[in-house]
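Here is a short set of exercises to work through with the model open beside you. Try each task yourself before reading its solution.

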Amino acid sequence: MRRSYHRHVKQWSFQSLHKMQEDVIISGSSKNEELRRKQTMKVLVIGLGGVTNGGKTTLAEKLKNMLPNCDIISQDDFFKPESEVETDERGFKLYDVLDALYMDEMVASIRNWMKNPASSGVVTEEPQNTCDNLKNVYILIVEGFLLYNYEPLNELWNRRYFLTLPYEECKRRRSTRVYQPADTPAYFDGHVWPMYLKYKSELEENASVQVDYLDGTKSQEELLSYVYRDIIQELNKLREENQHVTA
């Protein structure tokens with residue numbers, strides 16, 4: 001019984017060793033595949049900024065449904081609570097300034113997504129016509145009203161779009177929206193519009209920041225068609241790069 005037991009142990013040991021070797025090979029293969037995926041992985045970070053009620057969120061959602069591996073981060077998700085937002089001498093809550101936002105957290109969220117978008121839990125399914133050499137391309141659309149006046153963000157963009165509206169149209173659209181807290185009388189004229197003009201002027205004076213200005217009075221179909229074509233051109237450039245890498 002004792003010799004039989006030893007033979008059984010010996011046989012089990014050889015089987016275990018063989019299994020361990022197989023596991024090591026499989027594990028090594030998986031790690032190599034993961035390393036290769038990360039080496040060929042490309043990320044495209046798209047900024048969709050501009051005036052309040054300019055159609056940024058709607059445009060971002062439509063683009064997400066049309067583009068492969070695409071997700072959205074909204075600047076509105078980084079507003080500070082009302083108790084932390086300053087109030088000026090007129091009683092206006094100063095929401096349309098950078099200090100009303102947790103900008104550092106926003107930058108960190110974008111950078112975390114860029115490091116590993118495939119495991120972020122926010123990657124959508126690819127359209128059926130997606131090319132094989134675009135499967136490792138991931139797109140992040142960041143939409144918000146103050147995207148390009150914060151320096152730590154400016155090094156992240158692949159493309160920047162800025163929606164504009166004339167005063168009357170912007171005010172009309174704003175009046176149809178319900179905000180929490182609600183806009184106070186004269187809030188648009190006393191805070192929202194002046195801040196928009198201020199930050200837009202700063203952006204236009206910054207020659208180092210390349211921005212594609214979009215007319216927000218155009219139809220959503222026109223805007224979608226233009227931005228979609230532009231992003232596809234960027235994707236084609238990445239596809240060519242991937243072809244060189246995998247060739």
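**Exercise 1. The largest pocket**

Find out how the residues that line the largest pocket divide into nonpolar, polar and charged, then find its volume and the residues closest to its centre.

Solution. Bear in mind that this is a predicted model.

- Step 1: sort the lining by residue type. The lining of the largest pocket holds 8 nonpolar, 10 polar and 9 charged residues.
- Step 2: take the volume, which is about 620 Å³ for the largest pocket.
- Step 3: look towards the centre. There are 27 lining residues, and those closest to the centre are Thr52, Asp76, Phe79, Arg174 and Tyr179.
- Step 4: ask which element contributes. Helix H2 (residues 56-66) supplies the largest share of the lining, 3 residues.

**Exercise 2. The overall layout**

Work out how many helices and strands the chain has, and in which order they run.

Solution.

- Step 1: count the elements. The chain contains 7 helices and 5 strands.
- Step 2: follow them from the N terminus, which gives the order α-β-α-β-α-β-α-β-α-α-β-α.
- Step 3: check burial. Of the 247 residues in the chain, 40% are buried.
- Step 4: look at the contacts. Taking those with a separation of 6 or more, 79% are between residues 24 or more positions apart.

**Exercise 3. The two sides of a helix**

Identify the buried residues of helix H5 (residues 167-175) and explain why they lie on the same side.

Solution.

- Step 1: list the buried residues of H5, which are Cys170, Arg173 and Arg174.
- Step 2: consider their directions around the axis. These residues span an arc of only 100°, and therefore they sit on the same side of H5.
- Step 3: recall the geometry behind such a pattern. An α-helix makes a turn every 3.6 residues, so residues three or four places apart point the same way.
- Step 4: turn to the other face. Glu168 and Ser175 are exposed residues on the face of H5 that points away from its buried side.
- Step 5: find the packing partner. The buried residues of H5 pack against helix H6 (187-205).

**Exercise 4. A salt bridge between helices**

Which helices hold Lys171 and Asp189, and are these two residues buried, partly exposed or exposed?

Solution.

- Step 1: check the pair. The side chains of Lys171 and Asp189 form a salt bridge, with an N to O distance of 2.9 Å.
- Step 2: place the partners. Lys171 is in helix H5 and Asp189 is in helix H6, 18 residues apart, and the pair links distant parts of the chain.
- Step 3: classify them. Lys171 has a relative accessibility of 33%, so Lys171 is partly exposed. Asp189 has a relative accessible area of 35%, so Asp189 is partly exposed too.
- Step 4: look for shared partners. Arg159, Asp212 and Asp230 are joined into one network by salt bridges that share partners.

**Exercise 5. Two more salt bridges**

Classify the burial of the partners in the salt bridges Lys64 with Asp71 and Asp88 with Arg90.

Solution.

- Step 1: set the scene. The whole structure has 12 salt bridges.
- Step 2: take Lys64 and Asp71, whose closest N and O atoms are 3.5 Å apart. Lys64 is partly exposed at 23% relative accessibility, while Asp71 is buried at 9%.
- Step 3: take Asp88 and Arg90, whose closest N and O atoms are 2.7 Å apart. Asp88 is buried at 14% relative accessibility, while Arg90 is partly exposed at 48%.

**Exercise 6. A buried loop residue and a cavity**

Determine where Val51 lies and which residues Val51 touches, then describe the largest cavity.

Solution.

- Step 1: locate Val51, which is in the loop between strand S1 (42-50) and H2.
- Step 2: test burial. The cut-off for buried is under 20% relative accessible area, and Val51 has 0% relative accessibility, so Val51 is buried.
- Step 3: list contacts. Leaving out residues up to four places away in sequence, Val51 touches Lys56, Phe162, Leu163, Thr164, Leu165, Cys170, Trp193 and Tyr196.
- Step 4: check a C-alpha distance. Val51 and Leu146 are 95 residues apart along the chain, and their C-alpha atoms are 8.8 Å apart.
- Step 5: move to the cavity. The structure has 1 cavity of 30 Å³ or more, and the largest cavity holds about 110 Å³ of space. Its lining has 13 residues, and Gly50, Phe145, Leu146, Met195 and Tyr196 are the closest to its centre.
- Step 6: describe the lining. H6 gives the most to the lining of the largest cavity, 5 residues, and the lining as a whole has 8 nonpolar, 3 polar and 2 charged residues.

Terms used
Residues are numbered from 1 along each chain as its sequence is written. This is a predicted model: local features need pLDDT of at least 70, side-chain atom pairs count only at pLDDT 80 or more; totals for chains, interfaces and linings use all residues. Side-chain values use heavy atoms; hydrogens and water are left out. Buried means under 20% relative accessible area, exposed over 50%, partly exposed in between (1.4 Å probe, protein chains only). Helices (H or I, at least four residues) and strands (E, at least two) are DSSP runs, numbered from the N terminus. The arc is that of the directions from the helix axis to the C-beta atoms. Contact means heavy atoms within 4.5 Å. On a 1 Å grid over the protein atoms alone, a cavity is a set of points where a 1.4 Å probe fits but cannot get out, and a pocket is an open set with protein on both sides within 12 Å along at least five of seven lines; lining residues have an atom within 4 Å of a point. Grid points are joined across faces, edges and corners, and a volume is the space filled by probe spheres set on the points. Ala, Val, Leu, Ile, Met, Phe, Trp, Tyr, Cys and Pro count as nonpolar, Asp, Glu, Lys and Arg as charged, and the others, Gly among them, as polar. A salt bridge is a side-chain nitrogen of Lys or Arg within 4 Å of a carboxyl oxygen of Asp or Glu.
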